There are 2 protein chains.
Amino acid sequence: MSEEKKSVYKPKTISGFPEWLPEERLVEQQWFDHIRRVFESYGFCSIETPSVEELDVLRAKGEVDKEIYVIERLHKDEDDGKDARLALHFDQTVPLARYVAQHFNDLVFPFKRYQIQRVWRGERPQAGRFREFYQCDIDVINVDQLPLHFDAEMPAIIWEILSALPGMTEEKIQLQISNRKILTGLMDALAIADSAAVLRAVDKLEKIGRDAVEQILRDENGLDQAVIGTILNLVTATDLASIEPLNDRMREGLKELQFVMAQLAHLPASAVRADLSIVRGLDYYTGTVYETRFVDDPDYGSICSGGRYDDLAGSYINKNLPGVGISIGFSRLFDRLRQKGSFNLQRKSPADILMVLPAEERRADAAEAAHILRKRGYKVELYHAPQKLKKQLAYAERKGIPYVWFPPFEDNQPHEVKNMESGEQKPADPANWATPPTEEGFDHEAVA
Amino acid sequence: MSEEKKSVYKPKTISGFPEWLPEERLVEQQWFDHIRRVFESYGFCSIETPSVEELDVLRAKGEVDKEIYVIERLHKDEDDGKDARLALHFDQTVPLARYVAQHFNDLVFPFKRYQIQRVWRGERPQAGRFREFYQCDIDVINVDQLPLHFDAEMPAIIWEILSALPGMTEEKIQLQISNRKILTGLMDALAIADSAAVLRAVDKLEKIGRDAVEQILRDENGLDQAVIGTILNLVTATDLASIEPLNDRMREGLKELQFVMAQLAHLPASAVRADLSIVRGLDYYTGTVYETRFVDDPDYGSICSGGRYDDLAGSYINKNLPGVGISIGFSRLFDRLRQKGSFNLQRKSPADILMVLPAEERRADAAEAAHILRKRGYKVELYHAPQKLKKQLAYAERKGIPYVWFPPFEDNQPHEVKNMESGEQKPADPANWATPPTEEGFDHEAVA
């Protein structure tokens, strides 16, 4: 190769499109594995949908136009104009509705699926807000009737996940649950014309405080003080039993919320709270709604949200398909902890063992030992060149590989293995070496 | 909900953007898990890059313009014009080069990474050719020098993967290996002016046959019969030892290829073949090149390709970064077997156990039994409503869940569990029930 200096273009990260170093990615994989394991432990099956949908499918929900990325071929030809315009999906709920309608006859209901994919939103990038990010969703969809127990299963699953993620065990988080029927019932009972505007104001309660919301409701929505008092007393109520429903809709919502909360009594007291100020922006929710916040930093926004919808796939199929679902905002949650330094980033490789290469003529022995250990479920990197031992050990050190294996340097010598943390080194046999699994990157499976 | 007939828009699959049913996705997950396990067992770490790169980064490689999808916000504003144009990546090699250059100081070399992501190409969809598909890549990149042993490790890893994928064990596949220096050396030795055109013709040998290639080389490239004979004798040679190198470049290529083949002697005889007609379209390969074909259907095209490149990241960084890599064309391989009916699609759920719900007042017992089994690593779906037992069993049957668990229907009764395949039903205790893992969808880990 030429040694002359080349003119180079220094590449940089594209704003809003995150990527991680190998040691960060290793933690990210642990997160995905944990989330998948819990989702599956409740019997949810995985699906994936294409990254794109027809633009009209995505737009049917309204509101989110600004956030949509459309795609097109750089060199379009006349055929491209004939096809529907395609756009990257901005969530996994709209694609799910389309999927369920399209494959209705091939699915078994209640259809319980999880979905872990990237989504795209062309919003201005800022802290915790990416343009490309992962969401982890679970939803249950049934025909005609969906038991309310599922509304309680969602937060229980999410609590089990969030409270045990690597790096998350020190964080205080809380799931906040409400039921839309309570507030929409109240709007009806109070005969409020522009209930959407009022709900938008209520949604800001946590962010701007009671006085500011009161002012909006008075000055912008023209509500009188008694009505405002009724609304704000309701949404700040802490005891559901003390609430007097004003109509059947409110009564139904309260009953549902109480049922869901009762089903969650086995969780720690601080894990879940009924919070009637929870509104959720998207308009397809019709009952239970969920948000999840850091207790110490509620302004960071919800890291896990969802709710019940009566008929999301109704525009595609002549069936009533009620559902309930919840979505972990994976990337924003992961990046927050990453930036806080909450992760153990020692490991830059999944390898459990670095196999030393003592000399070129010993390569076959080293490769054979690596082969035997791999068969037994260990992850083994064979060092690539017969360099000085010091250099090979330094490599294991820098990659955070916890064990270094020494195959025989001469005939009839034993194999030895060195624990890089304790420094201990002792004879070992690739065929029956057994060591407790390391915390990260270790395939427990085949070694047990 | 209203019962009236709604006007519905029947959604359909977007051509070239595949999606699978849950039972197909379950097999796809087994494939990904297997591939990941083998990649990691050799010490490759995972990385992911954003789905997009700056258009200029993707275009630097030339040739592929037509296939690129650009993205843009549906509602652009003046700010959008200031940023670089973005496009979906069409492979994982160009993003890897950019990643290595960008994070050079944070990586440990040799950098061994695997990458399993979707890529996009705006080609006309046809059998085995999607517009959105998964690739599974491994590459090793080092500074200045990269041992030739890695060129042999790649096909060994790929053989280990492909020969053991669910559904693939009956398929006859073969890795074909060549070294570009042999053919480019020959072009030099024969003083052939437009060697690219000649290599393109040679690349068609398997598809159109020797006579047709001879005709192209004669009529289109104006080569005389002796030169054509020399070229075609070389590329159809089956015994590397019989080849007489015409210059140093050829000699070096032959030596490298012989070394790689010798390192692969432990594989089954039919697994790997030296094939000097392998050219590979992309122009960045400089040494070893790989293709992989179905022996019974070579026309399906290569399902796994790659090679060695001397300096892929050279346009980004003043370092020599030689690498070697190989990429599994995951989706086209998976879809071929799917269409052939090679998969066991009985399981529509990852659940090992369906927990029967005997009656609403027995829900707590059933939930507790499910909880205990989940803690022990089993995947357990709790049936959602206290419906007739027949209906609950039919549900397990339709989802392909292998065990049905009966919690006590009355106090002091034992739990029982039914093996859905054998029909056998017997008493069991959630705390210590042990059963051999089922073939699919079973988390071996926590149960061992």
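Start by selecting L175(A) and V272(A): the two are bridge partners, with V272(A) sitting in β8(A). (Strands here are DSSP runs of E, at least two residues, and helices are runs of H or I, at least four residues, numbered from the N terminus.) This is a predicted model, where local features need pLDDT of at least 70, side-chain atom pairs count only at pLDDT 80 or more, and totals for chains, interfaces and linings use all residues. Residues are numbered from 1 along each chain as its sequence is written, chains are lettered from A and ligands numbered from 1 in the order in which they are written, and side-chain values use heavy atoms, leaving out hydrogens and water.

**Around β7(A)**

Now show strand β8 (residues 272–274) of chain A with β7(A): they pair in parallel over three bridges. Pairing takes at least two DSSP bridges between two strands. Next, add strand β9 (residues 288–294) of chain A, which runs antiparallel to β7(A) and is joined to it by seven bridges. Look for I177(A), opposite Y290(A) in β9(A).

Is β7(A) buried or exposed? Select residues 173–179 of chain A: seven of the seven are buried, meaning under 20% relative accessible area with a 1.4 Å probe and protein chains only. One side holds I173(A), L175(A), I177(A) and N179(A), the other Q174(A), Q176(A) and S178(A), and both are covered.

**Where the chains meet**

Move on to strand β3 (residues 69–73) of chain A and strand β3 (residues 69–73) of chain B, which pair antiparallel over five bridges. Pick V70(A) and you'll find its bridge partner, E72(B), in β3(B).

Zoom out to see the whole contact (heavy atoms within 4.5 Å): 112 residues come from chain B and 112 residues from chain A. About 9,900 Å² is buried between the chains, with carbon and sulfur atoms giving 51%; buried area is the accessible area (1.4 Å probe) lost on putting two parts together, summed over both. Highlight E19(B), R73(B) and L74(B), which supply 7% of the area chain B buries against chain A, more than any other three residues.

Next, try D77(B) and R124(A), whose side chains form a salt bridge at 3.8 Å, N to O. That term means a Lys or Arg side-chain nitrogen within 4 Å of an Asp or Glu carboxyl oxygen. Between chain B and chain A the count is 18 salt bridges. Then select helix α1 (residues 22–41) of chain B, which gives eight residues, the largest share of the side touching chain A.

**Last stop**

Finally, find P350(B) in the loop between α11 (330–340) and β12 (353–355) of chain B. P350(B) is buried, at 1% relative accessible area.

Definitions and conventions
Buried < 20%, exposed > 50% of the residue type's maximum accessible area, 1.4 Å probe, protein only.
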